[in-house]
Amino acid sequence: MAIDHITHIGKDNYIIIQLPNDLYKIYHTGTEVIHLGKYGSFYSKDIIGYPYGTVFDIAYDEKNDTADVVLNHNFTKKSKKEQQHQPGIIKPRLNDTSQTLEITEDILVENFNSESNKLLIDKGSEAQKLKTSDIELLKKNNVNTSKIIKNIITNNENFNLKTKQSQEKYLVRKFKKFSKCFKVERCSPQNILKFLMDKNDMIRINDISLESMGLQLNLSNIQSNGNYLLMDETGGFLIYSVLERMYGGREDDETKNGTITVITETEHPQLDLLKYSNYSEEFLKKTIKYLSVMEILKPQNEEEIAAEFKLLNQNLDINDLKKIEKDKLTPLQQRKLNWYNKQVQIYQISQNFNHYDAFVVQTDFELKDCIQRFHKFIKPGCPIVVFCKFREPLLDLSNEYLMKSNNYLNVKIMQTYCRPYQTKRGKIHPLMTMKSNGGWLLSCYRVLGIDPSDYI
Amino acid sequence: MSENVEEFHAEASPTPAPAIEIKNHELPNPGSFVHTSDDNIVKENDLVLIYISKTNIRPLVLHKDGRMNTKYGTFLHSEIIGKEYGSQIGKYMNSNQVNRGRKHQKKNGVQEEDDEKKFGFIHVLKPTPELWTLSLPHRTQIVYTFDSSYITERMQINSLSNVLEAGTGSGSLSHQFSRSCKRLFTYEFHEVRKQQAELEFKQHGLLYQDFLDGKVKDKNSANIIINHRDVCKDGFLVDQVENINGDAVFLDLPAPWEAIPHLNKPGVLNQNKQVRICCFSPCFEQVDKTIEALEENGWGGIEMVEIQGRNFEGRKRMVKYIDDAVKVLSDQKERRNLGAVNYKKLKKARQDFENKNVTEIDESSDLKRYKTNTTPKDEKFNPFGKGLRIKEGDTKYQWSNVAKIESEIKSHTSYLTFALKIFNIDRQE
């Protein structure tokens, strides 16, 4: 059976790896060895074929040769790095359906031994008898996670004096530090968002939260056979999210034929997040069309294109080129013809008035400008959904333009946020901190307003 | 327990069911919810949404000789047919319609404005699941767009997903799922509600059965399989297909923990990939029991969240400068002083008048002038329009833009509990 790239880890794909300390990292399965820093490293071929969402443990052979350890007792950065370079053996957790990176129950149960903290005196780091170098030694010897934790606990004077809750917290913290396991996730937009949030790179995607993204897509009524007009200032994240709703990663379904047209600020837009989408180049080329603001607002008609062609190609007439049969064209002529065809296509797209099923906007441009100039491309009765990091630009757009015009209906400004809870039975409470700004949305419908005076 | 939940649902239903103008036996043209081809024209027998106001959106099937009554008067369906979607349709109401409410005011002697004709209008829109959510007849508490969009995004529902939904309810979420997913299996234990929902899906061209029967051509939109079933007792397996192969489950049930073990049956969920679940419960106790059941059945990554969505409206706030108020006060003071002087003069003039004992009243006399000592209304300095009826945003005044939150917010809809599971970890070669 071939590998299903959408549900299973494939060759030459981008994947996201979640580490025990809730960090997310993007890797490519084409690289031979994947290094996870202190969590170990492994051969990427070992994980290919497993379903996304699988948790793997990295196992190393435990070294018992103490002499070797004494010799290498200097823990310089270099020796650490050398250690990382040895890939361990991958073991998927086959019998666990929950697949979480949380601390395993047996480590917890084994180590509980207290009920009250009335004897606890806070000694800070003195309570721990193991030195950093001792712990490094344990790590270097590839001692199994639960053994390291056990060692740390037995050498901690205060551990037995802590309450059960505090012991659990302590164990979880140590587990996050010493366990060698990871979870592989698909590079879906939702996971890329987590990755960016984790990298503290939300500015790249305008601080949009998952809930705002979902709301924007729902309000835009994304369907697999629709044509959508987008303005994307998020490095391709919005485009990928729309594509995901339309196609879900599958490229070969002929009943789905939706397209995306993107209005860009520059001739060559920076869409670095789109590369993680794992779609093929041809598919992206076929589905997404890019038009710069100049191309859409100052289109050249076919005559002008032909004139420009003449100017660029030493008075060569495009009609002469068209007459030549396809298989007799030289590569240079073919390139020239392609250029011409592309320009004609751009012209045709720029004449697609009343064509698109939604206008999905995330842009740095003045919003009023955007809507005013591009609304004619949207089918009447279809939604316009604008995302902005701040409320005030949306307010100005709504009050100064949309409400004054009779071409827009149902103007609404929205904010949504998701309040996460710590979800452990008996200990459910809202998390102490959450993301404060997930952005604002404005939605309205383009309509065809009438002039009352025409009706008398 | 389950009784309490029912109560909560009943109380929380805030909006009354709107009048529905689709007759039960009617079957409008299929594909109402699918994007139109390029012509975008409203045709006879189309299901459309008539937008009357923000809180009044009505579903309607158009007939050649149909009529629709709104507060802006009667509109003929033939006025709508042939127009483009998104068209505004307006008319001047006749004067008795405009003045209907004001008759008693006249009796009280309130001055009537000019008998001006009032312009009323409606908009005709193509149905979308989100607009449908605002207009649909409420049979139960419904899931609003803030929640449903998060559920769709978080469960990573896309055009390849098979989704299971238990508790069809009013079908608001079913429409949104159906739009985004490959196939939707929806279950409702209340027989009448199931029939109503089924009819609705049929009218909207969303039933998978109709695709099989050849009544609807679009495979991507006709994707709902609805069953009358108590999933807590009888599980999820259906007759229509052998293997549901579900990717995502949404449980809007009073006791989701009773349904969760049924998901383990082979054929219900996709066994070889990561599957996701979302349980929608208003009460904390339900969440607790749900988490217990999820853990027992091997679900991981359990997280409960709450969605808080807010609607705002752009409004205007008058800009009032203190200096203007100072000017108003000094203006008043000046006039008052002038008035005092004038009063004295008036008194004197009256005395003179009485002394003279003239019978005819001379209009141009000082008396008249002093009596009406006030400056005309429009000459007074009145920067904030005091005493006048001012429309928000009147161009004579200065305004700043403000956002006003809706007057009543939904502070709690339900807790959403998400979890993940992979049944078998099989390596593909």
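**Two chains joined by strands and helices**

In this predicted model, the domain assignment divides chain A into domain 1, covering residues 14-184, and domain 2, which is built from the segments 189-299 and 351-446. The contact between these domains involves 5 residues of domain 1 and 6 residues of domain 2. On the domain 1 side, β1 (14-18) and β2 (24-28) of chain A each supply at least two of the residues that touch domain 2. The character of that side is easily described: its residues comprise 5 nonpolar ones, with no polar and no charged residues.

It is helpful to set out the make-up of each chain before turning to the contact between them. Chain A contains 16 helices and 15 strands, and 35% of its 456 residues are buried. Among the contacts in chain A with a separation of 6 or more, 77% are between residues 24 or more positions apart. Chain B, for its part, has 14 helices and 14 strands. Of the 429 residues in chain B, 38% are buried, and residues 24 or more positions apart provide 70% of the contacts with a separation of 6 or more.

The contact between the chains draws 79 residues from chain A and 70 residues from chain B. On the chain B side, at least two residues come from each of β5 (88-93), β6 (118-125), α6 (145-154), α7 (172-180), α12 (284-296), β12 (300-318), β13 (399-405) and β14 (415-422). Of these, β12(B) gives the most, with 16 residues. By class, the side of chain B that touches chain A has 21 nonpolar, 29 polar and 20 charged residues.

What does β12(B) pair with in chain A? Its partner is strand β13 of chain A (residues 408-422), and the two run antiparallel over 8 bridges. Two positions help to locate this pairing in the structure: A:I413 has B:F312 as its bridge partner, while A:Y417 is matched with B:Q308.

Strand β13(A) also has partners within its own chain. With strand β15 of chain A (residues 440-446), β13(A) forms 5 bridges in the antiparallel sense; here A:L409 stands opposite A:Y445. A further 2 bridges join β13(A) to strand β14 of chain A (residues 429-430), again antiparallel, and A:Q422 has A:H429 as its bridge partner in β14(A). β13(A) and β14(A) make a hairpin with 6 residues between them, and in the turn A:G426 has a positive phi of about 85°. Thus β13(A) can be followed from its pairing with β12(B) to its pairings with β15(A) and β14(A).

Helices meet across the chains as well. Two packed helices are described by the angle between their axes and the distance between the axes. For helix α8 of chain A (residues 210-219) and α6(B), the axes come within 8 Å and cross at roughly 105°. Because angles of 65 to 115 degrees count as roughly perpendicular, α8(A) is roughly perpendicular to α6(B). The residues of α8(A) that take part are A:L210, A:E211, A:M213, A:G214, A:L215, A:L217 and A:N218. They meet B:T145, B:F146, B:S148, B:S149, B:Y150, B:T152, B:E153 and B:R154 in α6(B). Sorted by class, this helix contact has 6 nonpolar, 6 polar and 3 charged residues.

Note on methods
Residues are numbered from 1 along each chain as its sequence is written. Chains are lettered from A and ligands numbered from 1 in the order in which they are written. This is a predicted model: local features need pLDDT of at least 70, side-chain atom pairs count only at pLDDT 80 or more; totals for chains, interfaces and linings use all residues. Helices (H or I, at least four residues) and strands (E, at least two) are DSSP runs, numbered from the N terminus. A residue is buried if 20 or more other C-beta atoms lie within 10 Å of its own, exposed if 12 or fewer, and partly exposed in between; C-beta atoms are placed from the backbone. Two residues are in contact if their C-beta atoms, placed from the backbone, lie within 7 Å. Domain bounds come from an automatic or database domain assignment. Ala, Val, Leu, Ile, Met, Phe, Trp, Tyr, Cys and Pro count as nonpolar, Asp, Glu, Lys and Arg as charged, and the others, Gly among them, as polar. Two strands pair if DSSP finds at least two bridges between them. Axes are lines fitted to C-alpha atoms, for helices over the stretch in contact, and angles run from 0 to 180 degrees between N-to-C directions. Angles under 35 degrees count as roughly parallel, over 145 as roughly antiparallel, 65 to 115 as roughly perpendicular and the rest as oblique.
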